[in-house]
Amino acid sequence: MWKKMRGKQSGGAVWDLSREEASEVFQEYYKCVTKRFEEAWAQQIGKQKPVHAVMALEGERVTLKCTVCSRPDRDKLSQQAIWQHVRRSDSTLGPLVGGVGGKRVKQAAQGSLTIRELQLEDAGQYTCLDSTGNYVAIYQVDVKFRERQKMVKEGDHVLNTTVLEDHNLQLMTSWTSWGPCNTCDVPGTRQRHGTCVVKKLNITDPVKPKDFPMVLLYPDGVPCHSTALPPRIRLLRPVRRRYEETLVAVCNQSCPTEAPPVIITDKDGKEVEVLPSGRFYNLNEKPPIPTMVKRRVIFEPEGKHLVLQCSDVVRGSGVRWMRGKRRVDPLSIRRQTAGRVWVDSANRLHIALLLLSDTAVYNCWERQRHVVAIKVMVVDGFSEQMKNYITYAGFGITILATLIACCCIFVGGQKRRVQ
């Protein structure tokens, strides 16, 4: 056994490992390097780096993966991934120092970048480089407020691949993996999202009538509604009219079982006490405080398009909405409300053209955790306008009274000087 040692090695790395532990750490590093080499070799197209297109909704959270292999015998801070962002709005290039958007952007120790509460200005191209300046990953991120989406029950008809022979293109659906069940011990639902993508039909032939060679840089295909797709392709009728799909399946998942009671015995093995199941903490330690349910009350005018979301919008996170004690079924709510209420692929609840009857408490649950309770108060649109008129009139009267008072003071001062 190699005795543990302490001290700074090359690059400032601090060691406190046995020989076996050091061997395991280096084995993980070699596996990372081998995996990166294999991925680069498999995805290499000419001399260009593959681009991954990401379509996300405003307010959603996305994670851009970037695997950077850090040598364990060197300082990790000097080997961190470097992210750059080219904004779509002004095409400016800049490093993500602390993250564009401040606290909304966070870089993990492994190199991945997470952006919370996406905004329109976050759209653009994200490039990840290692400490030597080599490209590791490139992402094209598009942010949209609404999507052309359809909820489909598992077993029903889903869109098939559409071939556009005249353009040497094919439209297909790229599916995510299944998300978790949104409840337990009672029938619930789980989802997977399908994105429409465009690929070449025959790789060696050009796109017609005008070639688009960059389509080969997207190994997973270019999303149909991405800005990376030229308008001449994006505006084709089959591409423009194809919608996103969210597949919903019924699931039955058992709730986690409670730990058995803890039996305390003395040194002779005699039972002294039986502690019920649950977590127990040392008297010298502070137990963790459970997450509080966020509660909000909002006043909205009649006729507005309202969007409700949980604290963090993540696709496939096992979210379910309830209106009071009634569960909102994402499959049937749109049909029941004639298209006025729906749940999008990021689990946000949309209520278009608010009615006075929409006044209620809307609860968002993530699996078994109550995340947020939002009390929506819909006010009469006419009353809202009258309130604005009264407010404006009050401001006007205040300003007018102030002017009259100033004039009176000024005139009074002039009379005193004359006398």
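Buried here means under 20% relative accessible area, and with that cut-off in mind you can begin this tour of a predicted model at one of its disulfides.

Select Cys-196 and Cys-224, both of which are buried, and you will find them joined as a disulfide with their sulfur atoms 1.8 Å apart. The torsion about this S-S bond is -55°, a left-handed link. Because Cys-196 belongs to strand β12 while Cys-224 sits in the loop between β13 (222-223) and α2 (231-234), the pair ties together parts that are 28 residues apart in sequence.

Next, select Cys-184 and Cys-255, whose sulfur atoms lie 1.9 Å apart in another of the five disulfides. Here the torsion is about 85°, so this disulfide is right-handed. Cys-184 is found in the loop between β11 (169-175) and β12 (188-200), and Cys-255 in the loop between β14 (244-251) and β15 (262-265), 71 residues apart. Cys-184, at 8% relative accessible area, is buried, whereas Cys-255, at 23%, counts as partly exposed.

Move on to Cys-310 and Cys-364, a disulfide with sulfur atoms 1.6 Å apart, in which Cys-310 comes from the loop between β18 and β19 and Cys-364 from strand β23.

Cys-310 also leads into the largest nonpolar core, which has 21 residues and in which Cys-310, Leu-308 and Trp-321 are among those touching the most other members. Among the elements that give two or more residues to this core are β18 (306-308) and β24 (369-379), and β24 gives the most, with five. Finally, select Leu-308, whose contacts beyond its neighbours within four places in sequence include Ile-298, Trp-321, Tyr-362 and Val-376.

Note on methods: Residues are numbered from 1 along each chain as its sequence is written. This is a predicted model: local features need pLDDT of at least 70, side-chain atom pairs count only at pLDDT 80 or more; totals for chains, interfaces and linings use all residues. Side-chain values use heavy atoms; hydrogens and water are left out. A nonpolar core is a set of buried Ala, Val, Leu, Ile, Met, Phe, Trp, Tyr and Cys residues joined through side-chain atoms within 4.5 Å. Buried means under 20% relative accessible area, exposed over 50%, partly exposed in between (1.4 Å probe, protein chains only). Helices (H or I, at least four residues) and strands (E, at least two) are DSSP runs, numbered from the N terminus. Contact means heavy atoms within 4.5 Å. A disulfide is a pair of cysteine sulfur atoms within 2.5 Å.
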